[in-house]
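Trainee: I am new to this one. Could you take me through it, one question at a time?

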Amino acid sequence: MKMKNPMLVVTDIDKSVEFYKKVFGLHVIMDFGANKTLTGGLALQTLETWHEFIDTADVFLGSNSSEIYFEEDNFDEFADHIKKCEVEYVHPVKEHSWGQRVVRIYDPDKHIIEIGENMKVVCKRFLDSGMTPEQVAVRMDVPMKFVNACMR
């Protein structure tokens, strides 16, 4: 068995497709009307059909209980890009204790989307700042094997 796709239930599938296209550059690769799969494997399902599939009307969007996660190599460029997209922020850009910069936003149905700086880019940023590989491993709380792989 293997995991295939994360799926989000949405109230307006066309609005959601446009959001993921505008903000992340994703495109529809499979269109079944009430279900669309986007590049990267993200699937969207209409709320109406989801009610039918699970035989209940008890669906709660915007619960802040989960997120989907993207990594970005050019984090500063992406952070500038989303400022122009009129997104609702969960929080602005912040740096975690291990050095990774992240931002979390809501999609149109209040699903949390996290965009994190690629961890290899974080490692290289620290190395480029003059930190030794050992210092980077401690700072990022990662094994030396990871730091060494980033240096190749």
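The questions below go from the sheet to one helix residue and then to the salt bridges.

Trainee: In what order do the four strands of the open sheet lie?
Mentor: Bear in mind that this is a predicted model. Its open sheet has four strands with mixed pairing. The edge strands, E5 (67-72) and E6 (88-95), each pair on one side only. The order is E5-E8-E7-E6.

Trainee: Which residue stands opposite Phe70?
Mentor: Look at E5 and strand E8 (residues 112-117), which run parallel and are joined by six bridges. The partner of Phe70 is in E8. That residue is Ile115.

Trainee: About what angle does the direction of helix H1 make with that of E7?
Mentor: Helix H1 (residues 13-24) packs on the sheet. There it touches E5, strand E7 (101-106) and E8. Its direction and that of E7 make about 155 degrees.

Trainee: Is Phe75 buried or exposed?
Mentor: Phe75 belongs to helix H3 (residues 75-83). Beyond its neighbours within four places in sequence, its contacts include Val93, Val103 and Ile115. Its relative accessible area is 2%. Buried means under 20%, so the word is buried.

Trainee: How far apart in space are Phe75 and Val103, C-alpha to C-alpha?
Mentor: In sequence, 28 residues separate Phe75 and Val103. The two are also in contact. Their C-alpha distance is 9.5 Å.

Trainee: Which residue meets Arg101 in a salt bridge at 2.5 Å, N to O?
Mentor: Arg101 lies in strand E7 and its partner in helix H3, so the pair ties together parts that are 25 residues apart in sequence. Arg101 counts as buried at 18% relative accessibility. The partner counts as partly exposed at 47%. It is Asp76.

Trainee: Which residues are linked with Asp76 in a network of salt bridges?
Mentor: The structure holds nine salt bridges. One of them joins Arg101 and Asp76. The network links Asp76 with Arg101, Glu117 and Arg125.

Trainee: How many residues apart are Glu88 and Lys110?
Mentor: Glu88 forms a salt bridge with Lys110, with the closest N and O atoms 2.9 Å apart. Glu88 is in strand E6, and Lys110 is in the loop between E7 and E8. The pair links distant parts of the chain, 22 residues apart.

Trainee: Are Arg104 and Glu114 buried or exposed?
Mentor: Their side chains meet in a salt bridge (2.9 Å, N to O). Arg104 lies in strand E7 and Glu114 in strand E8, so the pair ties together parts ten residues apart in sequence. Arg104 and Glu114 are both buried.

Definitions and conventions:
Residues numbered from 1 in each chain as written. Predicted model: local features only at pLDDT ≥ 70, side-chain atom pairs only at ≥ 80, totals over all residues. Heavy atoms only, no water. Helix = DSSP H or I, 4+ residues; strand = E, 2+ residues; numbered from the N terminus. Buried < 20%, exposed > 50% of the residue type's maximum accessible area, 1.4 Å probe, protein only. Contact = heavy atoms within 4.5 Å. Pairing = 2+ DSSP bridges. Axes fitted to C-alpha atoms, helices over the stretch in contact; angles between N-to-C directions. Salt bridge = Lys/Arg side-chain N within 4 Å of Asp/Glu carboxyl O.
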